[in-house]
Amino acid sequence: MEEIYDVVIIGAGPAGLSAGLYAGRSQMNALILERGQDGGQIAITDSIENYPGQAVQGESGPELVARMAKQAEGFGAKRASDSIQSVELKGDVKVLHGVKQDYKTHNVIIASGAHARPIGCENEGVFTGKGVSYCATCDANFFEDFEVYVVGGGNSAVEEAMYLTKFARKVTVIHRRDELRADKHVQEKAFKNPKLHFMWDTVVVALHGEGLLSSMDVKNVKTGEITTIEADPDDGMFGLFGFVGTVPNTKIFEGTGLEMDERGYIPTDQDMHTNLPGVYAAGDVRVKSLRQVVTAAADGAIAAVQVEKSMSNY
Ligand code: NAP
């Protein structure tokens, strides 16, 4: 007989793995689906300093997430590697159409997270992987002793820029305003870092180079002046890292009846219910005020407990 899961969790970041842990621990037939590597955005984060109790000095995102995955699997949550392409979320049995197979389930927890927002400049796609990156942990070592630019002014931009100073000769943060959005204590650390420089009121307009990124046009938003930044001739190239926020991974839910806000985030009540019965959302994919590992993990736990409570209906 075709398997119908109690709950299928889409995404194995902190929200999905936490949901899997709670679902497995309460003996549900739970499946966690992941299309890439576990961890979502923390898989590409150098160090996590603010997850309560996570006092393993210098532990990276991937290490923390590996322990979360082991814990969820230890409680019996099943795992599958597949990419969901479309979904049928209405009705008692939901159907998730993956590349490899279809999955039937009474409940779905959407924990599909978010991805980096593009910088939005000309030729960005042309130079992605050829100078342009969105992951310092993944690509910093390619820029050992080169010059690097970081776009953005939030916690991600400033923290990742500081990380990049361990590799690059010089790191310049390009920010569209004249003050950072990052937390004050993060700013204080950044302003003390001698390898970190700031270019205020500036946006990147266009990228150029023969194969590799070697020059870019930047615009001062106050004066309108456009300046071209060239790579040091001895280097022949430089790095450009984009940290200008995130976009939710919710494209596959468009047109399914699932309510989303104008930016694609999913509204829920405090118990993670979406507007569709049996469909829950947890983690960064939700409309919420704080997107952190601790809030994602909490969302996942709440969603799984709500699924368990609803199971008496079947
Ligand atoms: P964010 O806080 O939304 O910051 C995005 C930054 O990019 C802002 O400075 C914004 O400028 C700038 N920006 C947006 N669109 C832009 C564009 N098209 N061109 C140029 N600049 C643009 O995003 P985030 O830094 O990725 O952080 C996301 C969430 O995770 C936040 O809540 C953050 O606090 C949290 N986070 C926390 C930690 C931590 O606690 N250690 C670490 C990382 C992230 P404006 O300032 O002008 O809007």
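Guide: Let us begin with a term for how covered a residue is: buried means under 20% relative accessible area, exposed means over 50%, and partly exposed lies in between (1.4 Å probe, protein chains only). Arg169 has a relative accessible area of 30%, so Arg169 is partly exposed. The structure is a predicted model, in which local features need pLDDT of at least 70 and side-chain atom pairs count only at pLDDT 80 or more, while totals for chains, interfaces and linings use all residues. Residues are numbered from 1 along each chain as its sequence is written, and side-chain values use heavy atoms, with hydrogens and water left out.

Visitor: What does Arg169 form a salt bridge with?

Guide: A salt bridge here is a side-chain nitrogen of Lys or Arg within 4 Å of a carboxyl oxygen of Asp or Glu. Arg169 makes one with Asp232, and the closest N and O atoms are 3.5 Å apart. This pair links distant parts of the chain, 63 residues apart: Asp232 is in the loop between strand 14 (226–230) and strand 15 (239–242), and Arg169 is in the loop between helix 5 (155–164) and strand 10 (170–174). Asp232 is partly exposed because its relative accessible area is 28%.

Visitor: Which residues are linked with Arg169 and Asp232 in a network of salt bridges?

Guide: Glu147 and Asp235 join Arg169 and Asp232 in that network.

Visitor: How many salt bridges are there by this rule?

Guide: The count comes to 13. Among them is the pair of Arg79 and Glu73, with the closest N and O atoms 2.9 Å apart. Arg79 has 28% relative accessibility, so Arg79 counts as partly exposed. Glu73 is partly exposed too, at 40%. Another case is Glu254 with Lys251, where the closest N and O atoms are 3.4 Å apart. Lys251 has a relative accessible area of 64%, so Lys251 is exposed.

Visitor: Where should I look for strands, and how do I read their pairing?

Guide: Helices (H or I, at least four residues) and strands (E, at least two) are DSSP runs, numbered from the N terminus. Two strands pair if DSSP finds at least two bridges between them. Try strand 5, residues 94–98, as a starting point.

Visitor: Is strand 5 mostly covered or mostly open, and how many of its residues are buried?

Guide: Strand 5 is mostly covered, with 4 of its 5 residues buried. Strand 4 (residues 84–88) runs antiparallel to strand 5 and is joined to it by 4 bridges. In this pairing, Ile84 stands opposite Gly98. The two strands form a hairpin with 5 residues between them, and Gly91 in the turn has a positive phi of about 90°.

Visitor: What pairs with strand 5 besides strand 4?

Guide: Strand 6 (residues 102–110) pairs with strand 5 in the antiparallel sense, over 4 bridges. Lys94 has Thr105 of strand 6 as its bridge partner. A hairpin through 3 residues joins strand 5 to strand 6.

Visitor: Where can I practise on another hairpin?

Guide: Look at strand 12 (residues 202–208) and strand 13 (residues 215–220), an antiparallel pair with 6 bridges. Ala206 stands opposite Asp217 of strand 13. This hairpin has 6 residues between its strands, and Gly209 in the turn has a positive phi of about 155°.

Visitor: Why would a positive phi be worth pointing out?

Guide: Most residues other than glycine have a negative phi. Here, Gln27 has a positive phi of about 65° although it is not a glycine. Gln27 is found in the loop between helix 1 (14–25) and strand 2 (30–34). Gln27 counts as exposed because its relative accessibility is 72%.

Visitor: Which other residue can I compare with Gln27?

Guide: Asn123 is a residue other than glycine with a positive phi, near 70°. Asn123 lies in the loop between strand 7 and helix 3. At 30% relative accessibility, Asn123 counts as partly exposed.

Visitor: What else is in the loop between strand 7 (114–116) and helix 3 (124–127)?

Guide: Arg117 lies there. Its relative accessibility is 36%, so Arg117 counts as partly exposed.

Visitor: And how do I read Thr137?

Guide: Thr137 is found in helix 4 (residues 136–139). Thr137 is partly exposed, with a relative accessible area of 25%. Thr137 and Phe167 are 30 residues apart in sequence and 11 Å apart in space, C-alpha to C-alpha.
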